[in-house]
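Hi there,

Here is the structure I promised to pass on to you. Have a look at it first, and then read on for what turned up in it.

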Amino acid sequence: MSGDPVNDGPARGDLAFLARAVELSRLCPPSESAFSVGAVIVGADGEVLSEGYSRELDAHNHAEEAALAKLPDGDPRLRGATVYSTLEPCGERKSRPRPCARLIIAAGIPRVVVAWREPALFVAACQGTELLEEAGIEVVELPELADAARAVNAHLLGG
C-alpha cells in the first residue's frame with residue numbers, strides 16, 4: 001500500500017470518489033432520453049480537480065464533459081488524473097461531435113473508474129471502454145456501486 005488515496009484501490013479512495021459521483025448523478029435533471037451520470041476528476045495527489053453531472057451546464061451535457069469543461073485546456077494535472085464516472089463514458093453520441101471517451105483521451109487522463117457499463121438502451125454498443133483501453137487508458141469497473149448508479153436511472157430501466 002502506497003498511502004495514495006487514489007491508487008490504493010477500491011478499499012480506499014476509489015470507492016469514496018465513485019460514491020461522490022453517485023451523489024452528483026442525483027442532481028441531474030431527469031430525462032427520458034439520456035442517463036443521469038455523475039463524474040469526479042481527481043488528481044494524482046488525491047485532490048478533487050473538478051466535478052460534473054449530466055445536463056448540468058446545458059441540456060445535452062454529459063457528466064465527464066461538464067467536469068472537463070471546468071478545467072483549463074491542457075491542464076497538466078490531467079496527465080496523472082483519474083475520472084470517476086457512474087456510467088461508462090460514451091463512445092458515440094448524437095448531440096456532440098466528440099463522445100466523452102474521446103474527450104478523456106484528448107485530455108491525456110490515464111485512468112477511468114466506473115460503476116457500470118452502458119446498457120444497450122440508447123446506443124447498441126457503447127464501446128467507450130474499448131476506445132479508452134485501445135488508447136492505453138486503464139479502466140476499472142467497481143460493481144460495488146453499480147446498483148446505486150442504476151437506481152438514479154430506474155425511470156429508464158423499468159425500475
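Cys100 is buried, with a relative accessible area of 0%. Please keep in mind that this is a predicted model. Cys90 counts as buried too, at 5% relative accessibility. What keeps the sulfur of Cys100 from bonding to the closest cysteine sulfur, in Cys90? The two sulfurs are 3.7 Å apart, which is too far for a bond, because a disulfide needs the sulfur atoms within 2.5 Å. Cys90 is therefore in no disulfide, and a search of the whole structure finds 0 of them.

Salt bridges are another story: the search of the whole structure finds 7. In one of them, the side chains of Asp14 and Arg111 meet at 2.8 Å, N to O. Why does this pair tie together parts that are 97 residues apart in sequence? Asp14 lies in helix α1 (residues 10-25), while Arg111 belongs to strand β4 (residues 111-116), so the contact spans that separation along the chain. Both Asp14 and Arg111 are buried, and the relative accessible area of Arg111 is 9%.

Arg111 has a further partner, since its side chain also meets that of Glu138 in a salt bridge (3.3 Å, N to O). This pair, too, links distant parts of the chain: Arg111 sits in strand β4 and Glu138 in strand β5 (residues 138-141), 27 residues apart. Glu138 counts as partly exposed, at 41% relative accessibility.

For a pair within one helix, look at Asp147 and Arg150, whose side chains form a salt bridge of 2.9 Å, N to O. Asp147 counts as exposed, at 56% relative accessibility, whereas Arg150 is partly exposed at 31%. Both residues lie in helix α5 (residues 146-151), and they are 3 residues apart, about one turn of the helix. Returning to the earlier pairs, Asp14, Arg111 and Glu138 are joined into one network by salt bridges that share partners.

Next, the nonpolar cores. Which residues touch the most other members of the largest one? Of its 23 residues, they are Leu18, Phe35, Val40, Tyr84, Val113, Ala115 and Trp116. At least two residues of this core come from each of α1, β1 (38-42), β3 (82-87), β4 and α5. The largest share, 4 residues, is supplied by α1. There is also a second, separate core of 18 residues, and among its members are Ala67, Val83, Ala107 and Val112.

Finally, try tracing the sheet. It is an open sheet of 5 strands in the order β2-β1-β3-β4-β5, and the pairing is mixed. Which are the edge strands? They are β2 (48-53) and β5, each of which pairs on one side only. On average, and with direction ignored, neighbouring strands of this sheet are turned by 15° against each other. If you would like one pair of strands to start with, take β1 and β2: they run antiparallel and are joined by 5 bridges. For a single bridge, find Ala39, whose partner in β2 is Gly52.

Enjoy exploring it, and write back with any questions!

Best wishes

Terms used: Residues are numbered from 1 along each chain as its sequence is written. This is a predicted model: local features need pLDDT of at least 70, side-chain atom pairs count only at pLDDT 80 or more; totals for chains, interfaces and linings use all residues. Side-chain values use heavy atoms; hydrogens and water are left out. A salt bridge is a side-chain nitrogen of Lys or Arg within 4 Å of a carboxyl oxygen of Asp or Glu. Buried means under 20% relative accessible area, exposed over 50%, partly exposed in between (1.4 Å probe, protein chains only). A nonpolar core is a set of buried Ala, Val, Leu, Ile, Met, Phe, Trp, Tyr and Cys residues joined through side-chain atoms within 4.5 Å. Two strands pair if DSSP finds at least two bridges between them. Axes are lines fitted to C-alpha atoms, for helices over the stretch in contact, and angles run from 0 to 180 degrees between N-to-C directions.
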